[in-house]
Amino acid sequence: MRNKKKGTVALLSAALVAGLLAGCGSSNDKQKAEVEVEVAKEGLPIVNEQISLTLTAPDVGIQNWKDMEVLKEMEKLTNIKMVFNNAPKESFDTKKNLIFSSGEYPDVFYAAGLTPAEQMNYGEQGILIPLEDLIENYAPNVKKVLEDNPEIRKSITAPDGHIYSLPVIEFNQPWYRNPMWYNGDFLKALGYDKLPETTEELYTYLKRVKEEDPNKNGAADEVPLSSVNLRDIRTWLLGAYGIYEEEIYVDDSDVVHYTPIEDGYKEYLIFLNRLWTEDLLDHETFSQTAEQKKAKAQNNQVALFSDWNAYMTLGGEPSTDDPMFLPVKSEMVDKAVIAKSKGVTTGAFAISKTNSYPEASMRWVDYIYGYEGAMLFNKGPEGVLWEYTDRDSLTKKYLPVPGGGDREDYRATLTPNYGIPAPTISIPEIQLGLTTEFDEWVMNESKTKLLDNGSRIPYPTLFLTAEEQAEVTTLTSDLTTYVRQMEAKFITGADTFDNWDKYITTVTKMGGDRMSKIYQDAYDRWKQS
């Protein structure tokens, strides 16, 4: 016998639904028709009478969410109809800010990337409701994850003791950021059977790429290292100088550092300036798009780059011929340091105060944190891209892509969990039977080059106090702008390292050393909690 909660609740009117398609609708404008629904604490469907919930989320622009098979299946399973109010991924933060300032909120925020500051701010204002009691009573899957992983509960709990959002949980993802990859054809053409292990060896390799025509077209058109605003490669190269992260990191002695004022950061800039000066770092780094970088790579010009997998930049089929970057070390350190995934990204799912069905909303999202729901949202419905070969052991196999084409591209039409920080859990059972030879090769590359090579979490997921967050928000705005501007100037030679002391003085005055102190205090509290 399933447990049920009975109560008088309100159904959204058709007028409200129409309003939410244009905006989010005001709770004061809701026309309510009272009906009695039962919210099941276990089993499906979740409610005996269909209800509607409004959902706001970023959209990658591949498929209209109302046409996604996964979301259609969820409506059938749960008896909850979602009315989708999406905004393009690129402008979603602006949309999110407008929603919070308007006072007209969706019932749930999905993959909204709610920052700790947003969670605290809107949680304390009562706009986002606390979730811990709902988790206790209506989310057995989430509850079990938090019980089994107390570090996750610690990471998603605000200083006031409340949980305002559910996270993305990725136990199987080792990468803090997309890896860097070598063009295997270039390595072979230059006679490399061993990857560079030091910054000098990396420099030598990039220099040979520039001078020895490894694409064998007779033109000096090779791009040794290509990037987009450095964000895709910054962390990997900072690691050569003992730095785990681009802004805040904690070292092996539990001391927190503000990266842009560290000696290692200066050496990183000097190295990239050397590459820039000798035309080994793409001179369009600060102006090109990811698509432009890929176009060069698919023209067989790029030697080293970052992406989820190498073939996604180089084109063609997955290949084990393009090895993952082995983190290099400089003379400053005994070994390179490598940042690994924190495993938790907060802010993926939240419930607003205007939601008339918080219990049902929690049951809906909790389904995604169990195996069946995680499988549905990760791979799509059974029978489309995959099927079971042995249901008891959860072993599966892939099916041919309907109509041919790329499996990932087709998956993106089925599920919202593509390219956005959607609430989900990544567990090994999902991949049983679906791991290809290429997948196993990538996992081994990750293990041998990252996980077995001293990788560690750069700075844990945690909350600052409201006062600390307010100060950091104020400091970060100007600091980040200045630091990134000066990074580009030092690398391109628009400013010289003769002015380094002046730069340090400016950053310190702007609050760089204060950032270290704030994050040190927060880290110390987190360690003791």
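This tour moves from the whole chain to individual residues, naming at each stop what to select and what is found there.

**The whole chain**

Begin with every residue displayed; the model is a predicted one. The protein contains 20 helices and 15 strands. Its radius of gyration is 25 Å, close to the 24 Å that the globule rule gives for 529 residues, so the protein is as compact as a globular protein of that length. Aligned on the principal axes, the C-alpha atoms occupy a box of roughly 75 × 55 × 40 Å.

Colouring by accessibility shows 52% of the 529 residues as buried. The exposed surface amounts to about 23300 Å², with carbon and sulfur atoms supplying 47% of it. Among contacts with a sequence separation of 6 or more, 75% join residues 24 or more positions apart. For the charges, select the 55 positive and 83 negative ones: their mean positions are 3 Å apart.

**Aromatic pairs**

Next, select the aromatic side chains, among which a search of the whole structure finds 26 pairs. Centre the view on Trp175 and Trp181: their ring centres are 6.5 Å apart and their planes meet at 80°, so this pair is edge-to-face. Trp175 and Trp181 are both buried.

Now move to Phe490 and Trp500, a tilted pair with 5.5 Å from centre to centre and 55° between the planes. Phe490 belongs to helix H18 (residues 466–492) and Trp500 to helix H19 (residues 500–509), the two residues being ten apart. Phe490 and Trp500 are buried as well.

Return to Trp175 and Trp181 and add Trp308, Tyr311, Phe438 and Trp441 to the selection; ring pairs link these six residues into a cluster.

**Helix H15**

Select residues 371–379, which make up helix H15. How many of its nine residues are buried? Seven are, and the helix is mostly covered. The buried positions are Tyr371, Gly373, Ala374, Met375, Leu376, Phe377 and Lys379. In an α-helix, residues three or four places apart point the same way, because there are 3.6 residues a turn. Step past the end of H15 to reach Gly380, where phi is positive, near 90°.

**The loop between H9 and E8**

Display the loop that joins helix H9 (199–211) to strand E8 (223–225), and select Asn215 within it. Asn215 has a relative accessible area of 12% and is buried. With residues up to four places away in sequence set aside, Asn215 touches Phe186, Asp221, Glu222, Asn300 and Gln301.

Asp221 is in this loop between H9 and E8. Is Asp221 buried or partly exposed? Its relative accessible area is 21%, so it counts as partly exposed, since the buried class ends at 20%. On the same exclusion of residues up to four places away, Asp221 touches Asn215 and Gln301. A distance monitor between the C-alpha atoms of Asp221 and Asn300 reads 9.3 Å, across 79 residues of chain.

Asp213 is also found between H9 and E8. Its phi is positive, near 50°, although it is not a glycine. Asp213 is partly exposed, at 21% relative accessible area.

**Leu128**

Select Leu128 in the loop between helix H4 (116–124) and helix H5 (132–138). At 0% relative accessibility, Leu128 is buried. Apart from neighbours within four places in sequence, its contacts include Phe100, Phe109, Leu114, Tyr122, Tyr164, Ala350 and Ile351. Glu118, Gln119 and Gly123 are also among the contacts of Leu128. For a longer line across the model, join the C-alpha atoms of Leu128 and Pro421: they are 18 Å apart in space and 293 residues apart in sequence.

**Backbone exceptions**

Most residues other than glycine have a negative phi, and most peptide bonds are trans. The next two selections depart from this pattern.

Select Leu44 and Pro45, where the connecting peptide bond is cis, with omega near 0°. Pro45 is in the loop between strand E2 (33–40) and strand E3 (51–59).

Finish at Asp279, a residue other than glycine whose phi is positive, about 60°. Asp279 lies between helix H11 (263–277) and helix H12 (290–298), in the loop that separates them. Its relative accessibility of 33% places Asp279 in the partly exposed class.

Note on methods: Residues numbered from 1 in each chain as written. Predicted model: local features only at pLDDT ≥ 70, side-chain atom pairs only at ≥ 80, totals over all residues. Heavy atoms only, no water. Helix = DSSP H or I, 4+ residues; strand = E, 2+ residues; numbered from the N terminus. Rg over C-alpha atoms; globule rule 2.2 N^0.38 Å. Buried < 20%, exposed > 50% of the residue type's maximum accessible area, 1.4 Å probe, protein only. Contact = heavy atoms within 4.5 Å. Areas by Shrake-Rupley, 256 points an atom, 1.4 Å probe, with all protein chains shown as cover. Lys, Arg positive; Asp, Glu negative; His and termini not counted. Charge placed at Lys NZ, Arg CZ, Asp CG, Glu CD. Phe/Tyr/Trp six-rings, centres within 6.5 Å; stacked < 30°, edge-to-face > 60°.
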